[in-house]
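Here's a walk through this one, starting with a helix pair and working out to the metal sites and the chain as a whole. Have the model open as you read.

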Amino acid sequence: MIKKILKVTGLVLGVLVVLIAGYYTKAHISTNRRMQKQYAITPQVLPILNDSAVLARGEHLIRIKACNECHGKDLGGKVFVDDAALGLLIAPNLTKGKGGRPLDFNAEDWSLALRHGLRRDRTPLLFMPSHEFTLMSEEDLTAIISYCANLEPVDREFPKSNIGPLARVLADLDKLPLLPAEMIDHDRKLAKQVKAEVSEEYGKYLATSCSGCHRENLKGGDPVAPGYPEVADISSTGHPGQWTDEQFIQTLRTGLTPEGKTLKPEEMPWTMTKEFSDLELKALHLYLKSI
Ligand code: HEC
Ligand code: HEC
């Protein structure tokens, strides 16, 4: 009897292993195909400028878009995930130093990366959040590109990134934004300029940095990954709907909420939001209260 049960259990386990191996092979092949796809698009190329006001705007945008949280403080690159299940992910050296952008990395290459989420060979970048940057105005993207193209060289070399099995499975199930190029409308015309003022329109423009976690409607929901907290509702029906501008600003600069909660920067990135100017935070708050 026991022998028979063991036999059946063994059979069931065997079938399961074969099914899982089969699924994994399918996921491996299909993610490889998506990662190697060459996008036949005509890139929208933004210029590299050397004007000091443009460079100063670029530096501010780099901080509020958290480029340095992934690419390192000096943008000389950083290992941003090193995990057996997720893989080894490098946010590369953006400077022209050793291990950085090649010397002939030009305006078209910068635009391919930021506007389209693509490498110069037109294959998609992994995990680089270009689907958010592509929503910026021409003026702001130009400022970012100009600032990056003028960085002091930093010598820092890295091994190649590689995607782990869990990342592949999650990407196959569309639970992980592995390939932002797939989420981008490559033909959309960018807004020339968005006026920096305390308006709902400017708040909405800035809120593209929040919707990746707080969802499109900014009402929050399930954790972004296992082990993380529920994402808070930050619309008019959540806590920020009740806060004054000063309380909103204080929360996003210190991680301390008026209700006495301490937000962890690795869960709610207030190290990024603390870089926003007063005007930007007031515009954001105005917009959040309007939804
Ligand atoms: C969430 C982390 C993250 C953030 C934030 C981020 N990047 Fe990246 N970026 C990456 C990763 C990862 C890659 C490498 C992708 C690859 O090699 O497939 C990358 C690649 C790039 C590339 C290389 C393109 C190429 O052709 O190889 C450029 C340029 C770049 N990022 C610029 C920026 C700028 C500018 C910002 C801010 C506006 C930014 N990144 C914000 C993770 C990030
Ligand atoms: C990487 C994901 C992520 C991003 C990006 C993000 N948030 Fe959050 N945010 C969270 C999580 C998770 C919480 C809940 C944290 C907790 O409960 O401890 C949170 C909490 C908050 C809170 C506190 C809400 C409360 O009820 O106390 C505010 C305010 C907030 N976020 C505003 C923003 C704004 C504004 C942006 C965009 C500029 C933003 N967040 C971007 C993940 C994120």
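## A right-handed crossing

Helices α10 and α12 cross in a right-handed sense. Helix α10 covers residues 245–254 and α12 covers residues 278–290, and their axes come within 10 Å of each other at roughly 115°. That angle makes α10 roughly perpendicular to α12. Bear in mind that this is a predicted model.

Who does the touching here? On the α10 side you'll find Asp245, Phe248, Ile249, Leu252 and Arg253. Their partners in α12 are Asp278, Leu281, Lys282, Leu284, His285, Leu288 and Lys289.

## Two more helix pairs

Next up are α2 (residues 52–64) and α6 (residues 138–149), which pack at about 95° with 7 Å between their axes. These two helices are therefore roughly perpendicular to each other. From α2, the contact draws on Val54, Leu55, Arg57, Gly58, Glu59, Leu61 and Ile62. From α6, it draws on Asp140, Ala143, Ile144, Ser146, Tyr147 and Cys148.

Then there's α1 (residues 2–36) against α7 (residues 165–172), at an angle of about 80° and with the axes 9 Å apart. So α1 and α7 are roughly perpendicular too. In α1, the contacting residues include Tyr23, Tyr24, His28, Asn32 and Met35, while α7 brings in Pro165, Arg168, Val169, Ala171 and Asp172.

## The iron of ligand 1

Which protein atoms hold the iron atom of ligand 1? They are NE2 of His71 and SD of Met128, sitting 2.0 to 2.2 Å from the metal. His71 belongs to helix α3 (residues 67–71), whereas Met128 is in the loop between α4 (107–116) and α5 (130–133), so the pair ties together parts of the chain that are 57 residues apart in sequence. The iron has six donor atoms around it, and the angles they subtend run from 87 to 179°, which makes the arrangement octahedral.

Both protein donors are tucked away from solvent: His71 counts as buried at 9% relative accessibility, and Met128 is buried with a relative accessible area of 17%. In the α4–α5 loop you'll also run into Phe127. Phe127 has a positive phi of about 60° even though it isn't a glycine. Its relative accessibility is 18%, so Phe127 counts as buried.

## The iron of ligand 2

The iron atom of ligand 2 takes its protein donors from His214 (NE2) and Met268 (SD), at 2.0 to 2.1 Å. His214 is in helix α9 (residues 208–214) and Met268 in the loop between α10 and α11 (270–273), so this pair ties together parts that lie 54 residues apart in sequence. Here too there are six donor atoms, with angles of 87 to 179°, and the site is octahedral.

Are the two protein donors, His214 and Met268, buried or exposed? Both are buried. Arg215, in the loop between α9 and α10, is another non-glycine residue with a positive phi, this one about 75°. At 28% relative accessibility, Arg215 counts as partly exposed.

## A closer look at Cys148

Back to helix α6, where Cys148 has its place. With a relative accessibility of 4%, Cys148 counts as buried. Leaving aside residues up to four places away in sequence, Cys148 touches Ile62, Leu94 and Trp110. Ile62 is also part of the α2 side of the α2–α6 contact.

How far is Cys148 from Pro265? The two are 117 residues apart in sequence, and their C-alpha atoms are 25 Å apart in space.

## The chain as a whole

Zooming out, the chain has twelve helices and three strands. Its C-alpha trace spans about 80 × 50 × 35 Å along the principal axes.

What share of the 291 residues counts as buried? The figure is 42%. As for contacts, take those with a sequence separation of 6 or more: 66% of them link residues 24 or more positions apart.

Definitions and conventions
Residues numbered from 1 in each chain as written. Chains lettered and ligands numbered in written order. Predicted model: local features only at pLDDT ≥ 70, side-chain atom pairs only at ≥ 80, totals over all residues. Heavy atoms only, no water. Donors = N, O, S within 2.8 Å, 3.2 Å for Na, K, Ca; no water. Tetrahedral: all angles 85-135°; square planar, octahedral: opposite > 155°, others 65-115°. Helix = DSSP H or I, 4+ residues; strand = E, 2+ residues; numbered from the N terminus. Buried < 20%, exposed > 50% of the residue type's maximum accessible area, 1.4 Å probe, protein only. Axes fitted to C-alpha atoms, helices over the stretch in contact; angles between N-to-C directions. Parallel < 35°, antiparallel > 145°, perpendicular 65-115°, else oblique. Left-handed = near helix turned anticlockwise from the far one by under 90°. Contact = heavy atoms within 4.5 Å.
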